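Subject: Structure for you to look at

Hello,

Please find the structure below, with notes on what was found in it. The notes cover strand pairing, a helix pair and a pocket.

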Amino acid sequence: MKKTLSITVYNESGVLTRISTVFSSRGFNIESIAVGPTGNPGISKIIIVLPGDQQTIEQITKQLKKLIQVIEVKDITTRPCVERELMLIKVKSSISTRSLILEIVQIFRSKVVDISEYSMTIEVTGDPGKIITIQELFKPFYILEVVRTGKISMERELGINTEYLKNI
């Protein structure tokens, strides 16, 4: 099962190296990582997605908390969160396929950021499910290149799980 960790750190030189060393030295693979500053100067948030069970996450969390630069570590896998990811996808296109590609772009509220005689580059922002779905829809057009950011995630203040609400 994939787990999501939210790590708040002091933004110091080498902090990302120290954190990644905790994972690599124990043989744990990081599936995606996103790092960025918070609203507080000198504080950054790291969102890490990794495969693992609860025991693995507990072990990693204990090791991360030992680092001086780490302020807080949270397993937010099951907490209500807003999740987003960004993908740039370059799709082969021709005059005959452009209108079909543009329909998909509009339906998913994405946007074309580059176009040439033979290809279109589309920017897609959304939850990981949206990213995977649109990528699957573009496969018949022949995908030339894909670049994705890691997942970013923030806990919902009211604690309302929108995934649960979708099933009602």
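How many bridges join strand E6 to strand E7? This is a predicted model, and in it strand E6 (residues 111–115) is joined to strand E7 (residues 119–126) by 4 bridges. The two strands run antiparallel. One of the pairings is that of Lys 111, whose bridge partner in E7 is Glu 123. There are 3 residues between E6 and E7, and the two strands form a hairpin.

Next, the sheet. An open sheet is formed by 4 strands, and reading across it the order is E2-E3-E1-E4. The pairing is antiparallel. E2 and E4 each have a single partner strand and stand at the edges, so each has one side without a neighbour in the sheet. From one strand to the next, the twist averages 15 degrees. For the pair E2 and E3, which run antiparallel, there are 6 bridges. Gly 36 has its bridge partner in E3, namely Lys 45.

Lys 45 also turns up in the second largest pocket, where it is one of the residues that lie nearest the centre. The others named there are Ser 6, Ile 47, Ser 153 and Met 154. The pocket holds about 360 Å³ of space, and its lining is made up of 18 residues. By class, the lining has 8 nonpolar, 4 polar and 6 charged residues. Which strands each supply at least two residues of that lining? They are E2 (32–37), E3 (43–51), E4 (70–75), E5 (81–92) and E9 (152–155). Of the sheet described above, E2, E3 and E4 are therefore among the strands that are edge or inner members of the order E2-E3-E1-E4 and also supply residues to the lining of the second largest pocket.

Last, the helices. Helix H3 (residues 98–107) packs with helix H4 (residues 128–138) at an angle of about 170 degrees, and their axes are 11 Å apart. Angles over 145 degrees count as roughly antiparallel, which makes H3 roughly antiparallel to H4. On the H3 side, the contact is made by Ile 101, Ile 104 and Val 105. On the H4 side, the residues are Ile 134, Leu 137 and Phe 138. What classes of residue does the contact of H3 with H4 have? There are 6 nonpolar residues, with no polar and no charged ones.

Regards

Notes. Residues numbered from 1 in each chain as written. Predicted model: local features only at pLDDT ≥ 70, side-chain atom pairs only at ≥ 80, totals over all residues. Heavy atoms only, no water. Axes fitted to C-alpha atoms, helices over the stretch in contact; angles between N-to-C directions. Parallel < 35°, antiparallel > 145°, perpendicular 65-115°, else oblique. Contact = heavy atoms within 4.5 Å. Nonpolar A, V, L, I, M, F, W, Y, C, P; charged D, E, K, R; others polar. 1 Å grid on protein atoms, 1.4 Å probe; cavity = no way out; pocket = protein on both sides within 12 Å on 5 of 7 lines; lining within 4 Å. Points joined across faces, edges and corners; volume = space filled by probe spheres on them. Pairing = 2+ DSSP bridges.
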